[in-house]
Every structure is written in C-alpha cells, then in structure tokens.
Amino acid sequence: MKVHRELAGSLPEFRNAVVTIGAFDGVHLGHRQIIAQLKTEAARINGETVIVTFHPHPRKIVSSVPGDIKLLNTLNEKIALLSETGIDHLVVVPFDHRFSNQPAEAYVTDFLYRYFKPHTIIIGYDHRFGKGREGDYHLLEDFGKQLGFEVKEIAEQLQNQIVVSSTRIRQSIAQNDIATANALLGYPYFFEGLIVEGNQLGRTIGYPTANLHITSEEKLIPGDGVYAVRVNIKDASNSTAFLNGMMNIGVRPTIGGRKRVIEVNIFDFDADIYGQVLQVHVVHYLRGEVKFNGLEELKAQLQKDKEAAIAQLSH
Ligand SMILES: Cc1cc2nc3c(=O)[nH]c(=O)nc-3n(C[C@H](O)[C@H](O)[C@H](O)COP(=O)(O)O)c2cc1C
Ligand SMILES: Nc1ncnc2c1ncn2[C@@H]1O[C@H](COP(=O)(O)OP(=O)(O)O)[C@@H](O)[C@H]1O
C-alpha cells in the first residue's frame with residue numbers, strides 16, 4: 001500500500017481508480033465490507049484500489065467542542081490496519097476548516113474528480129460530504145452521470161443485529177463493553193503506552209504492574225475496570241510475540257489513589273521494561289474496580305483475576 005499525504009502535485013495518475021472515502025476510524029467490519037467490494041470491483045476492471053481518508057478526523061474540526069472526541073485509531077494505527085487489508089493506495093487528506101466548508105458540488109468536481117478521476121466510487125450507506133454534510137449518494141450519482149464515473153452504495157452492516165459503526169464501538173469501549181466493541185471491530189481493541197514508574201508497591205505483593213503513560217491524546221481508553229489482555233513489548237527486536245496478562249484501569253481506591261492509572265501485570269514474565277512501549281490488546285472485561293480492606297484482600301482478588309483472565313485468554 002502506498003501512502004500519499006499531500007494532494008497537489010504529488011498524486012500519481014491512478015489506473016481505473018476504484019475509490020472509497022471516509023474516516024475509517026477503527027477499520028471495523030463495516031469498513032472491511034467496503035474494502036472487500038473495492039477489491040472485487042478493481043479486480044473486475046483491472047483497476048487500482050484507493051482509500052481516501054482525512055486527518056485530523058473531520059469531527060475534530062467541525063465539532064462544537066473541539067478536541068473532545070476520542071478515537072479508536074491514531075493515524076499510524078489506521079495506516080497499519082488498512083495496509084493489512086491489501087489495498088493499493090491510501091490518500092491522507094489534510095482536513096481543515098477550508099476543506100470542510102467546500103460546498104458538496106465543489107467537493108465532487110474540484111476534489112474527487114480532479115485528483116482521482118474515479119472509474120467507480122463506493123461509499124457506505126450513510127456517507128455525507130461537503131459543507132453542512134449536504135452531499136449524499138444521490139448527488140454523487142448525478143455527478144457520475146455527467147463526469148463519467150459509477151457510484152455504488154454499501155448497505156449498513158449488521159453484527160448480531162447491531163449496526164456496525166465507529167460511534168457505537170467508541171461508546172461500547174468507554175462503557176467497558178469490550179465484547180460488543182471487539183465483535184464489531186473484528187479484532188480485539190488495542191492501544192499503546194510508555195512504561196513509566198509507579199509506587200513500586202506491586203512487586204511487594206507479588207504482582208508487579210507496568211504503569212502506562214498514553215502519549216496519544218486522542219486515543220480512546222476503555223472505561224475503568226479489570227481486563228484480560230494480550231500484550232506486545234515494542235522493543236528494538238520488533239517481536240510480535242504476545243504475552244498474556246491482566247490490566248487495571250482506575251484510581252486504585254484500596255491504596256487511596258486519586259489519579260487514574262493504567263497498569264498491566266504480565267503473566268510468567270520477569271524483566272525490567274521501564275521506558276519501553278507496551279501495546280495492549282483488550283480481550284475481555286472481568287470486573288469493576290473495588291475498594292478492598294487492605295492489600296491482603298486485594299492480593300487474594302488478584303489471584304482470582306489471574307485465573308479468570310487465563311480462562312478467557314485460552315479460548
Ligand atoms: C489486575 C489488577 C486488578 C486490580 N484491581 C484493583 C482494585 O479492584 N482495587 C484497587 O484499589 N486496586 C486494584 N489494582 C491496583 C493495585 O492496587 C496496584 O496494582 C498496586 O497498588 C501496585 O501499584 P504500583 O504498580 O503503582 O506499585 C489492581 C491491579 C491489577 C493489576
Ligand atoms: N510480570 C511483570 N509484569 C509487569 N511488569 C513487570 C513484570 N515483571 C517485572 N516487571 C517490571 O517491574 C515494573 C513494575 O513493578 P512495580 O513494583 O509494580 O513498580 P511500579 O510501581 O514502578 O510499576 C514494570 O514496569 C516492569 O519494568
């Protein structure tokens with residue numbers, strides 16, 4: 001997959017471009033359905049598959065509360081996930097107020113048609129574009145007749161009767177409904193953080209925990225609670241080996257904590273990994289955070305959590 005981060009001057013001439021446009025936050029099962037169609041269509045006409053996405057996320061620019069929205073993917077994660085789907089081109093369009101204020105007609109002629117000369121455009125059932133989201137499938141179809149491109153619409157995707165949408169997945173993760181989120185994503189939700197020092201208390205009770213500092217401000221972190229996780233230490237070896245573990249997200253009422261922390265105890269593991277980046281794949285929600293009467297009670301619960309986590313991770 002070739003990644004293009006600028007429009008003017010640097011885009012190639014695509015051969016029979018089969019294009020889709022969207023935020024693709026999460027690269028979830030609905031997105032994957034569109035991508036599958038893109039590839040089928042491109043194979044049929046010997047064309048190239050092109051995904052057009054925007055950065056920053058359009059909601060960050062047009063939202064009334066800027067900076068408020070948390071996302072499923074950082075740009076780099078999105079690029080990695082899309083790259084695995086086997087498409088030919090990803091175009092990351094810088095999204096700003098000027099771009100968002102283009103009338104829908106100008107968006108089609110001065111942007112879509114001008115840069116991509118599409119053979120076919122495939123969009124999701126709820127895709128909107130242009131100032132005030134005024135452009136839709138029908139407008140695109142009208143332009144297609146004039147300018148000579150095909151437009152195809154993909155119906156909404158259901159998973160266990162739930163409509164697959166980035167918004168729905170974001171809500172599920174924030175409310176610790178990891179089961180729903182993962183089912184709609186098609187993979188376990190993941191995030192990463194830098195391993196920093198904590199109170200060094202964990203090791204004294206037999207459960208050392210890697211405390212994570214999240215460097216991406218936009219990344220959505222699951223709601224408070226205890227989770228079964230798989231982790232990958234992103235060190236120089238670039239190993240993709242996964243280790244099992246359990247994670248707590250919360251303020252740690254038992255030790256009188258106030259600040260929200262994210263910490264992971266890795267099973268069958270013993271090494272100093274301060275300063276490394278840990279990627280955490282959230283597999284299962286185990287329980288809510290509890291205030292215990294002292295460390296002994298907490299320790300007993302941690303043993304139970306570990307057994308529950310191992311049972312979940314062995315599926
Ligand atoms: C799987 C797991 C579950 C936890 N559950 C709770 C909990 O329910 N209540 C709580 O106060 N602390 C909980 N903790 C946090 C512990 O209090 C914390 O790991 C310990 O104080 C060590 O902190 P340190 O890493 O900063 O030294 C949990 C930690 C882990 C790893
Ligand atoms: N099994 C393990 N799981 C997590 N971290 C571990 C493990 N074994 C060793 N460590 C190391 O120990 C640190 C955690 O120990 P801990 O006593 O909880 O200190 P801190 O409060 O600084 O997190 C981790 O950051 C990591 O470097």
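Which strand does Val3 lie in? Val3 sits in strand S1, which spans residues 2-4. Keep in mind that this is a predicted model, so everything below is computed from it.

## Starting at Val3

Is Val3 buried or exposed? Val3 counts as exposed, because just 12 C-beta neighbours fall inside 10 Å, and a residue with 12 or fewer goes in that class. Setting aside neighbours within four places in sequence, Val3 is in contact with Ile79, Leu90 and Val92. Take Ile79: 76 residues separate it from Val3 along the sequence, yet the two C-alpha atoms are 8.0 Å apart.

## The open sheet

S1 belongs to an open sheet of six strands, ordered S1-S4-S3-S2-S5-S6 and paired in parallel. Why is one side of S1 left without a neighbour in the sheet? S1 and strand S6 (150-154) stand at the edges with a single partner strand each, so one side of each has no neighbour there. On average, neighbouring strands of this sheet are turned by 20 degrees against each other, direction ignored.

Further along, strand S2 (residues 18-21) pairs with strand S5 (residues 120-124) in the parallel sense, over two bridges. Val18 has Thr120 in S5 as its bridge partner. Helix H1 (residues 29-45) packs on the sheet and touches S2, strand S3 (49-55), S5 and S6. The direction of H1 makes about 165 degrees with that of S5. Helix H6 (residues 137-147) lies across S5 and S6, and runs at about 160 degrees to S6.

## The barrel

Now for the other set of strands. Six of them close into a barrel in the order S9-S10-S13-S12-S11-S14, with antiparallel pairing. The twist from one strand to the next averages 45 degrees. S10 and S13 pair in the antiparallel sense over two bridges, and Asn211 stands opposite Glu263 in S13. Helix H9 packs on this sheet, touching strand S11 (225-234), S12 and strand S14 (277-287). The direction of H9 makes about 100 degrees with that of S14.

An unreviewed UniProt entry annotates residues 184-314 as "domain: Riboflavin kinase". Over residues 184-314 the chain is 16% helix and 36% strand, and the C-alpha atoms at the two ends are 21 Å apart.

## Two ligands, two shells

Here is how the surroundings of the ligands break down by class.

| Shell | Nonpolar | Polar | Charged |
|---|---|---|---|
| Ligand 1 | nine residues | nine residues | four residues |
| Ligand 2 | nine residues | seven residues | four residues |

Which residues come nearest to ligand 1? Of the 22 around it, those are Gly198, Leu201, Gly202, Asn248 and Thr254. The elements giving two or more residues to this shell are strand S12 (243-250), strand S13 (261-266) and helix H9 (295-313). H9 has the largest share, with three residues.

Ligand 2 has 20 residues around it, and Gly198, Gly202, Arg203, Pro208 and Ile266 come nearest. Strand S10 (210-213) and S13 each supply at least two residues of the shell around ligand 2. Gly198 and Gly202 are listed among the nearest residues for ligand 1 and also for ligand 2. S13 likewise contributes to the shell of ligand 1 and to that of ligand 2, and S13 is one of the barrel strands.

How values were computed:
Residues numbered from 1 in each chain as written. Chains lettered and ligands numbered in written order. Predicted model: local features only at pLDDT ≥ 70, side-chain atom pairs only at ≥ 80, totals over all residues. Near = placed C-beta within 6 Å. Helix = DSSP H or I, 4+ residues; strand = E, 2+ residues; numbered from the N terminus. Nonpolar A, V, L, I, M, F, W, Y, C, P; charged D, E, K, R; others polar. Buried ≥ 20, exposed ≤ 12 C-beta atoms within 10 Å, placed from the backbone. Contact = placed C-beta atoms within 7 Å. Pairing = 2+ DSSP bridges. Axes fitted to C-alpha atoms, helices over the stretch in contact; angles between N-to-C directions. UniProt positions renumbered as here; feature names shortened; annotations may be inferred.
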